[in-house]
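I opened my notebook to look up a few plain things about one chain. The entries are short and in the order I wrote them.

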Amino acid sequence: VSGEGATEAQIAAEPEEDEEGGEGSSSSAVPEAETEEKAKNQVLISALGEDQLDRYEAFRRSKFPQSMMRKIVHTMTGVSPSSNCCIALSGIAKVLVGQIVEESLDVQEQLKEPGPIHPKHVRDAVRRMRNKGLLGVSHHRKTKLKRL
């Protein structure tokens, strides 16, 4: 539904991947909470501009392939991860990239540079996030300049 020509109502009505309930769920509080959440999402989506809606659609469609996550985890740990682990890591990576992009847009805005973000904005955003403690410490050794 969230393809190229999807409308705001179709995107709002589209279920989240983790919200899919089976036929056996019989809790009466869950449907009320789901309908409230869907109504809130629909109000928010209807308030988006065309450019924002396009970005939201792209965000919803984007994902990191599980095969890539499996390969990265196996390379770093030497252990073959489960599919649930790969799904979780893909979600975490997507959130992290979103945070870096948001910070990059803030950097770009502070520099008063119009247009798309550039690598310098992303580098500065990562540096700021590291300084705030939002990212792990880099393992790169800084080389010290020797005085002659």
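My entries below go from the whole chain to its cysteines.

**Entry 1, the model.** I noted at the start that this is a predicted model.

**Entry 2, the fold elements.** How many helices and strands are in the chain? I found six helices and zero strands. Reading from the N terminus, I wrote the order down as α-α-α-α-α-α.

**Entry 3, surface and burial.** I looked up the accessible surface of the chain, which comes to about 12,000 Å². Carbon and sulfur atoms account for 57% of that surface. Of the 148 residues in the chain, 18% are buried.

**Entry 4, contacts.** I took the contacts between residues at least 6 apart in sequence and looked up how far along the chain they reach. Residues at least 24 apart are joined by 44% of these contacts.

**Entry 5, disulfides.** I reminded myself that a disulfide is a covalent bond between the sulfur atoms of two cysteines. How many disulfides does the structure hold? The answer is zero. Cys85 is in no disulfide, and its nearest cysteine sulfur is that of Cys86, 5.6 Å away. Cys86 is likewise in no disulfide, with the sulfur of Cys85 as its nearest at 5.6 Å. A disulfide needs the two sulfur atoms within 2.5 Å, so the pair does not count as one.

**Entry 6, the two cysteines.** Is Cys86 buried or exposed? I put Cys86 down as buried because its relative accessibility is 0%. Cys85 has a relative accessible area of 31%, so I listed Cys85 as partly exposed.

Notes. Residues numbered from 1 in each chain as written. Predicted model: local features only at pLDDT ≥ 70, side-chain atom pairs only at ≥ 80, totals over all residues. Heavy atoms only, no water. Buried < 20%, exposed > 50% of the residue type's maximum accessible area, 1.4 Å probe, protein only. Helix = DSSP H or I, 4+ residues; strand = E, 2+ residues; numbered from the N terminus. Contact = heavy atoms within 4.5 Å. Areas by Shrake-Rupley, 256 points an atom, 1.4 Å probe, with all protein chains shown as cover.
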